[in-house]
Amino acid sequence: MTPETALAEPAFQTLSGAWADFDNDGYLDLFLGHENAPNQLFHNNGDGTFTDISRRSGVDLVGTAKGVTVGDYNGDGFPDIYVSNLGQENFLFRNNGDGTFTEVARELNVALPTWSFPTWFFDYDNDGALDLFVASYSFSLTEVVNSYLRRPVRSETLRLYKNLGSGAFRDVTKDVGLDRVLMPMGSNFGDADNDGFLDLYLGTGGPSYGSLVPNVLFRNDQGKRFVDITSSSGTGHLQKGHAVAFADLNNDGDEEIVAEIGGATPGDRYFSAVFKNPGNHGNNWVTIKLAGAKTNRAAIGARLKVTVKEEGAQPRDIYRWVTSGGSFGSSPLQQHIGVGKAKEIVAVEVWWPTSKTRQVFHGIPVNGFIQIREFDKTYTTLKHKSFVLPSVVEKQP
């Protein structure tokens, strides 16, 4: 039924897109990043059809879009758009709140790297402001090897831009240990050890048969630095990494990593991988499913603030925004949130972008599943049966 929705034509080569309610009318709109064609923004008319508003909204710039992410980086209540381009500077479209956007990437110093691929907004340090990750992409295996050996490199490194909370960013890539050249394509983020800080998994590789380099798992060390734990975690799959997702597949409170494997060249294929989380970190968690009433039903764009208290420590806040995850991969809309050693959740606050309302709940137990519906006075406890994932899956002929 795509033709009936007015999303089928004109047709361009598309690698990445994102759903978001850009005008806060309660309906999800669609942004598409194309290769060598103008970006497109489709407004949801609320009746099952869409209107292409690309030109009048100001997002119809031409690039080689490889990654798209949406987030309200300046906290004005309207989602903004970042587009990662391969071979040219990237775009950051600031939502003006009136149906138009202004491109501000160079103005805010987030236009690099010029050769980039996956990207996402996330709050890596739990300060309540959305930071921006952009993965550089190098076609040179030599540069990747030099980076592993800590030799000088000529290629651009990964980029992490810290949101300063004032609508400005600062490049903290070297400060947090992400100044690496790694050739990532499909990548995503999640909390692999339930400490409340978001980790990164980068699926690597390129079209060439020779571009076989290990996928990489970075552990977020309390928002201060990222540590390469690929070897110790056993996640360094060598074949080409494409779509990546973090998800608690067996409802046991630990997020697995799902990676689609295989190269673009004919014959360069492999079995996809599921990395079972051993769950040996001893941290607690909560999974929260949001349901919009006035805000879009999927609750995309809603913000969660979870306040926890660990024994002998001051209360701390953990922030999550409802999105589908990173580029070249998608994670569940329900939010899996690690809370460390906390045995209680002091408070859960939900901010809804369309109604501009807040809900606050207290006394939510750890290690369980709940649902929060916009405007409701209480939350609902969900029952999900856990099961054991097999340690080894036999490959079918």
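The following questions and answers walk through selected loops, strands and sheets of a predicted model.

Student: What should I know about the numbering and the model before we begin?
Tutor: Residues are numbered from 1 along each chain as its sequence is written. The model is predicted, so local features need pLDDT of at least 70 and side-chain atom pairs count only at pLDDT 80 or more, while totals for chains, interfaces and linings use all residues, and side-chain values use heavy atoms, with hydrogens and water left out.

Student: Is asparagine 250 buried or exposed, and what is its relative accessible area?
Tutor: Asparagine 250 sits in the loop between β17 (241-247) and β18 (256-261), where helices (H or I, at least four residues) and strands (E, at least two) are DSSP runs numbered from the N terminus. Buried means under 20% relative accessible area, exposed over 50%, and partly exposed in between, with a 1.4 Å probe and protein chains only. Asparagine 250 therefore counts as buried, its relative accessible area being 3%.

Student: Which backbone oxygen does the side chain of asparagine 250 reach?
Tutor: Contact means heavy atoms within 4.5 Å, and, leaving aside neighbours within four places in sequence, asparagine 250 is in contact with Glu256, Lys385, Ser386, Phe387, Val388 and Leu389. At 2.9 Å, its side chain reaches the backbone oxygen of phenylalanine 387.

Student: Which peptide bond is cis, the one from leucine 112 to which residue?
Tutor: Most residues other than glycine have a negative phi, and most peptide bonds are trans. In the loop between β8 (101-103) and β9 (116-122) lies proline 113. The peptide bond that is cis, with omega near 5 degrees, runs from leucine 112 to proline 113.

Student: Is arginine 150 buried or exposed?
Tutor: Arginine 150 belongs to the loop between α3 (141-148) and β11 (159-163), and its phi is positive, about 60 degrees, although this residue is not a glycine. Because its relative accessible area is 52%, arginine 150 is exposed.

Student: What is the relative accessible area of methionine 183?
Tutor: Methionine 183, in the loop between β12 (169-171) and β13 (184-190), is a residue other than glycine with a positive phi, near 60 degrees. Methionine 183 is buried, and its relative accessible area is 1%.

Student: Which residue is the bridge partner of isoleucine 81 in β7?
Tutor: Two strands pair if DSSP finds at least two bridges between them, and strand β6 (residues 80-85) pairs with β7 in the antiparallel sense over three bridges. These two strands form a hairpin with five residues between them, and glycine 87 in the turn has a positive phi of about 100 degrees. Strand β7 (residues 91-95) is mostly covered, as four of its five residues are buried. In β7, isoleucine 81 has as its bridge partner phenylalanine 93.

Student: Which residue in β8 is the bridge partner of arginine 94?
Tutor: Strands β7 and β8 are paired in the antiparallel sense over three bridges. They too form a hairpin with five residues between them, with glycine 97 in the turn having a positive phi of about 80 degrees. In β8, the partner of arginine 94 is threonine 102.

Student: Which strands are the edges of the open sheet with the order β9-β10-β11-β12?
Tutor: This open sheet has four strands with antiparallel pairing. Within the sheet, three bridges join strand β10 (residues 131-136) to β11, and valine 134 has arginine 159 as its bridge partner in β11. The edge strands, each pairing on one side only, are β9 and β12.

Student: Which strands are the edges of the open sheet with the order β23-β20-β26-β27?
Tutor: Four strands form this open sheet, and their pairing is mixed. The edge strands, which each pair on one side only, are β23 (335-340) and β27 (380-382).

Student: Which residue in β27 stands opposite glutamine 371?
Tutor: Strand β26 (residues 369-373) and β27 run antiparallel and are joined by three bridges. Opposite glutamine 371, in β27, stands threonine 380.

Student: How far apart in space are alanine 291 and alanine 129, C-alpha to C-alpha?
Tutor: Alanine 291 has its place in strand β20 (residues 284-291) and is buried, with a relative accessible area of 11%. Not counting residues up to four places away in sequence, alanine 291 touches Arg297, Ala299, Trp352, Ile372, Arg373 and Glu374. Alanine 129 is 162 residues from alanine 291 in sequence, and the C-alpha to C-alpha distance between them is 23 Å.

How values were computed:
A polar contact is a pair of N or O atoms within 3.5 Å; within protein, one must be able to donate a hydrogen and the other to accept it, and residues adjacent in sequence count only if both atoms are side-chain atoms.
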